[in-house]
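These are my notes on one chain, kept in the order in which I looked things up. I began with what counts as buried or exposed, then went on to confidence, salt bridges, a helix and a few strands.

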Amino acid sequence: MGLVCTAVCLTIVLPLVTVVQPAGATTHRDATGITVRITSHTRFSLSKGFVGLTFEATTAGEPYLDPSQSNLPSYLADLGQGDLRFGGQSSDLNVAWQPDPTQPLPAWASSGITPGDLTTIANLAHATGWSVDLGVNLLHYDPAAAADEVGVARSALGSSLHDVEIGNEPDLYFYFESFLTIPVVGIPTTYPAYLTNWDAYEAAISAANPGVKFAGDDFYLTDWMPQLTKESEKGLSEFTQHFYPQADCGGGVVSPEQLLSDGSFDTEDSEIAIAQGGAKHRNLPLVFDEFNSISCGSSSPAAYEFASSLWAVHALLDAAAHGVSSVNMQMDPDNCNSYTPLCVPDLSAPATMQATPIFSGMQLVGSLEGGKFLRTGVSPTDPLPDGVSDYALRLPDGNTAVVVDNTTDVPVSDLSLELGRGAQLVSTQLLTAPSIDATGGVTLTTSTPTSSAPTGLTVPATSVEVFTLAP
């Protein structure tokens with residue numbers, strides 16, 4: 001839902017945000033002398049490959065996807081080894097499968113995906129070890145074209161083709177009709193109609209490509225969730241949902257305070273709970289395959305300032321801690337002033353990308369992949385202040401990482417961590433920037449502490465710090 005929106009979105013996107021607030025972190029009470037106790041395991045983990053990326057279908061031919069000339073592979077290495085999704089709104093609205101690039105596009109399409117584009121994506125996947133999810137156009141009904149596209153993708157990608165996604169946000173097709181320059185007859189705007197079309201696509205794709213896996217339903221809203229059954233979309237390997245906690249439709253501006261508010265994270269928890277219901281009903285893992293901070297164009301500065309990095313750490317860890325299997329962060333590489341983690345700042349160098357602040361938050365979380373979440377607790381008489389969150393993970397090497405995300409403008413000082421007798425502090429990792437509204441100067445640094453005692457610790461204002469403890 002991230003790229004196309006008008007004022008109409010205010011009728012369907014929650015939460016509604018139009019109030020402009022001053023930038024800067026919210027002041028809270030002094031946070032001193034707090035003890036965080038790390039106890040037993042939970043049943044959730046931060047899976048390998050948790051942090052992924054979503055590219056719009058319109059980007060398929062861009063130079064930055066070509067590993068022979070792009071610096072994208074080095075950024076992917078910074079995140080680990082995740083999943084690249086190609087789809088989004090454009091895969092339904094205006095991108096067509098173009099098996100022969102010499103032939104004209106359909107009248108409704110502004111661009112196409114060609115066999116050469118899929119080869120480039122395959123080269124990127126093979127060079128980096130990342131997998132690929134491919135979205136095919138459902139809104140412009142053509143199961144045969146989709147089956148052909150998947151066949152070419154499968155030949156190019158091989159085992160790197162992770163899943164096929166049929167359609168994007170079909171629960172919003174009733175709304176996307178307003179963006180079509182050429183009307184489409186028979187758009188499925190009800191769940192039964194959508195399911196009929198989905199089944200036809202699945203049958204055509206599977207007949208031509210036996211064994212291919214599918215992910216779905218790629219909903220944005222939750223209105224169709226009550227209609228799901230165990231018989232719906234048989235054979236899915238993942239249950240996929242989209243999520244943005246805030247929206248700046250119709251010229252509204254989302255402030256850093258709003259993005260980092262309890263409301264943002266409460267909305268995320270509610271969305272996870274609803275989507276988990278749909279996933280569990282069909283015994284599927286839950287994936288947020290389109291995820292970011294501010295929908296409807298993400299033109300609010302908070303989407304590309306350091307506030308977005310603080311949000312990303314909390315939002316990604318919160319998702320994993322509630323059982324989400326993986327997340328694909330939505331991209332908009334042509335617009336550095338947006339929520340995009342990576343962008344092209346100089347159009348004369350179209351294969352050279354740079355990281356925005358949110359990428360550093362993703363990188364921090366990526367460094368913890370493979371960890372298992374532990375329970376944490378603080379004294380009821382001295383709790384963590386509003387705006388400060390904590391997570392603990394037992395890492396694959398046996399050490400424990402404690403993440404403290406401080407979105408306030410007051411340091412957390414004299415912090416103690418309790419993890420059994422003899423636990424020692426072996427390293428710290430600090431994510432910081434000159435201010436919460438900074439667009440540059442973001443640093444993620446790892447240091448060796450001067451003392452091994454996990455006491456008397458400080459987390460600076462508007463920063464994230466990871467304390468690594470050895471047993």
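**Entry 1. Cut-offs, and R37 and E418.** I took buried as under 20% relative accessible area, exposed as over 50%, and partly exposed as in between. R37 has 35% relative accessibility, so I entered R37 as partly exposed. E418, at 39%, is therefore partly exposed as well. I looked up this pair since their side chains meet in a salt bridge, at 3.3 Å from N to O. E418 belongs to strand β20 (residues 412-418) and R37 to strand β2, so the salt bridge ties together parts of the chain that are 381 residues apart in sequence.

**Entry 2. Confidence.** I am working from a predicted model. I noted an average pLDDT of 92 for the chain, with 93% of the residues scoring at least 70. Residues 5-24 have a pLDDT below 50, and this stretch has 50 contacts in the model beyond near neighbours in sequence. Where pLDDT is low, the predicted coordinates should not be read in detail. I left the contacts of residues 5-24 uninterpreted for now.

**Entry 3. Other salt bridges.** How many salt bridges does a search of the whole structure find? I got 6. Side chains of opposite charge can pair when their charged atoms come close.

I looked next at E165 and R85, which form a salt bridge with their closest N and O atoms 2.7 Å apart. E165 sits in strand β8 (residues 161-166) and R85 in strand β4 (residues 83-87), so I have a link between distant parts of the chain, 80 residues apart. E165 has 1% relative accessibility and so counts as buried. R85 is buried too, with a relative accessible area of 1%. I also noted that R85 and E165 belong to a network of salt bridges that links them with D218, D289 and E290.

The next pair I checked was R282 with D217, a salt bridge whose closest N and O atoms are 2.9 Å apart. R282 is in the loop between α8 and β12, while D217 is in strand β9 (residues 214-219), and the two are 65 residues apart. R282 counts as buried at 11% relative accessibility. D217 is buried with a relative accessible area of 1%.

**Entry 4. Helix α8.** I measured nothing by hand here and took the computed span. Helix α8 (residues 262-281) has 20 residues and reaches 29 Å from its first C-alpha to its last, close to the 28 Å expected. Which residues of α8 are buried? I listed S264, F265, E268, E271, I272, A275, Q276, G278 and A279. Seen down the axis of α8, these buried residues fall within an arc of 160 degrees, so they line one face of the helix. An α-helix has 3.6 residues a turn, so residues three or four places apart point the same way. On the other side of α8 I found A273 and K280 exposed.

I then asked what covers the buried residues of α8. The cover includes β10 (236-243), β11 (246-247), α7 (256-259), β12 (286-291) and α9 (306-321). Just after α8, I noted a positive phi of about 55 degrees at N283.

**Entry 5. Strand β17.** Strand β17 (residues 372-378) pairs with strand β2 (residues 35-45) in the antiparallel sense, over 5 bridges. Strand β17 is also joined to strand β18 (residues 388-394), by 3 bridges and again antiparallel. I looked up K372 of β17 against both partners: S45 stands opposite K372, and so does R394 in β18.

L374 is found in strand β17, and at 5% relative accessibility L374 counts as buried. Leaving aside neighbours within four places in sequence, I found L374 in contact with I38, T39, S40, H41, T42, A392, L393, R394 and T400. For a distance check I took A215, which is 159 residues from L374 in sequence and 30 Å away in space, C-alpha to C-alpha.

**Entry 6. T128.** Is T128 buried or exposed? I recorded T128 as buried, with a relative accessible area of 15%. T128 is found in helix α3 (residues 115-128). Not counting residues up to four places away in sequence, T128 touches P73, L76 and Q81.

Technical notes: Residues numbered from 1 in each chain as written. Heavy atoms only, no water. Pairing = 2+ DSSP bridges. Helix = DSSP H or I, 4+ residues; strand = E, 2+ residues; numbered from the N terminus. Expected span 1.5 Å × (residues − 1). Buried < 20%, exposed > 50% of the residue type's maximum accessible area, 1.4 Å probe, protein only. Arc of directions from axis to C-beta. Contact = heavy atoms within 4.5 Å. pLDDT = per-residue confidence, 0-100. Salt bridge = Lys/Arg side-chain N within 4 Å of Asp/Glu carboxyl O.
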